[in-house]
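Here are my notes on this model, as promised. Have the viewer open while you go through them.

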Amino acid sequence: MLALKILIVEDDNVSALLLKKALEKNHHEIIGIAATGEEALEVLGENDVSLVMMDINLGGELDGIKTTEIINEKYDIPVVYLTASSDEETLHKIAGTNPSAYVIKPFNIRELNMMIELAIFKDKKEKELQKLNNELEEKVRKRTADLNEANKELKKALEKEREIGELKSRIVQNVSHGFKTPLTSILSSAQLLQIYAEKDHPLKQKLVKHSKKIENSVRSLNSLLTSVLFFGKADANKIDYKPSRFFTAAFFNEVLDVVKANNDNEVTIRTSFSKVPKTVKSDTELLYQVFENLLSNAVKYSKEKGKVDFSVAVEDGIMLAEITDDGIGIPEQEQSQLFERFFRAKNVGITEGSGLGLSIVKKCVDVLKGEISVESEAGKGSKFVVKIPIG
């Protein structure tokens, strides 16, 4: 056993001397014998002590338990209690001071040595645990500080990104709006050229042909700018749901007129309306984007002189619309990317498009709190199903 420097605190002189003799027999050094708690604290203040053997019942104002509480607080030295009582009340008091061990009087040498070893082992492990706890707290403190610093940097980066995003949105909107005015002028001029060409003119055919090209190009560019403006608003979180009551027949006629005006493949659009009220309440701008884009795509990617079926039904406050075409379809492995910005399937060939239409549709459907699904097979056409709650 490791030789220890031990302080004996015992007011019974005979018991103290017997204990001293037993401890010295095991090569321990007895620093002193104190009869009171006050005297024990004085010895501890002046000497290096490894262990205290503490009698519970002491003379003076401090008993063994109160003295141990002070030792725990000031010196952090293991204490082994000596007590002649083993009743529950005494043991409860002892446990409250977290002793390293306790010995019941009268004790034998074997038991005494075992309790001392236990006390030293317990004290060692508690100090190791405390050291680990301190190291862990320091690591946690450092990690928390690092995380706080990283969080500050992240907030700065996010704020910078937000500012850049707002600047980008403003630039996109300003540039797009700036394009719209001259495009409108070009479109008007192209339409005037077609009117003039209707009169007898030696270059009538060429005038009609080229003015039509101008008109189609302007419409395509105008459509692209509209899409860019839409996503500028979407990125700035400025797309809001603004419901109003409108006439359904007039709304769908407007959508169909725009789609038919750009129908270069002579595709037939067959319509079916079932239980559609005369008026409904929803956001017409968002609905227009949904149906115009879906129908335009269906016509664009259909076979020449193909057919597109467009059906609308209203039931229990839900507008159910289906757009079915017999066109090129969408490869199954690419359908998961269908609503991503700028995505275009590999089988579109030379058919022009920006890859923004379906992503606009998905965004609008989400804002309308609706659902959209697709069934498609390459070479056999596509079917889009839209469900939108209406008022």
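**Notes on the core, the sheet and a few residues**

1. The largest nonpolar core has 42 residues, and V290, F291, L294, L295, F310 and M319 are those with the most contacts inside it. By nonpolar core I mean a set of buried Ala, Val, Leu, Ile, Met, Phe, Trp, Tyr and Cys residues joined through side-chain atoms within 4.5 Å. Two or more residues come from each of α7, α8, β9, β10, α9 and β12, with α8 giving the most, at eight residues. Helices (H or I, at least four residues) and strands (E, at least two) are DSSP runs, numbered from the N terminus.

2. Before going on, some ground rules. This is a predicted model, where local features need pLDDT of at least 70 and side-chain atom pairs count only at pLDDT 80 or more, while totals for chains, interfaces and linings use all residues. Residues are numbered from 1 along each chain as its sequence is written, and side-chain values use heavy atoms, with hydrogens and water left out.

3. For the overall picture: the protein has nine helices and twelve strands. Buried residues make up 35% of its 391 residues; buried is under 20% relative accessible area, exposed is over 50%, and partly exposed is in between (1.4 Å probe, protein chains only). Among contacts (heavy atoms within 4.5 Å) between residues at least 6 apart in sequence, 67% join residues at least 24 apart.

4. Now the sheet. It is open, with five strands in the order β7-β9-β10-β12-β11 and mixed pairing; two strands pair if DSSP finds at least two bridges between them. β7 (268-274) and β11 (371-376) are the edge strands, each with a single partner, so one side of each has no neighbour in the sheet. From one strand to the next, the twist averages 10°; axes are lines fitted to C-alpha atoms, for helices over the stretch in contact, and angles run from 0 to 180 degrees between N-to-C directions.

5. At the β11 edge, six bridges join β11 to β12 (residues 382-389), and the two run antiparallel. S373 stands opposite V385 in β12.

6. Two helices to look at here. α7 (residues 248-261) packs on the sheet and touches β7, β9 (307-315) and β10 (318-325), its direction making about 170° with that of β7. α9 (residues 357-367) also packs on the sheet, touching β11 and β12, at about 145° to the direction of β11. Eight of the eleven residues in α9 are buried, including L358, I360 and V361. After α9 comes K369, with a positive phi near 60°.

7. Which aromatic residues cluster together? F246, F251, F252, F273, F291 and F310 form one cluster. The structure holds eight aromatic pairs, where rings of Phe, Tyr and Trp (its six-membered ring) pair if their centres lie within 6.5 Å, and planes under 30 degrees apart count as stacked, over 60 as edge-to-face and the rest as tilted. F291 and F310 make a tilted pair, at 5.8 Å centre to centre and 55° between the planes. This pair links helix α8 (residues 284-300), home of F291, to strand β9, home of F310, 19 residues apart. F291 is buried at a relative accessible area of 0%, and F310 is buried at 1%.

8. Back to M319: leaving aside neighbours within four places in sequence, M319 is in contact with ten residues that you can pick out, among them F252, F291, V312, V386 and I388.

9. Last, K346, in the loop between β10 and α9. Buried or exposed? K346 is exposed, with a relative accessible area of 77%.
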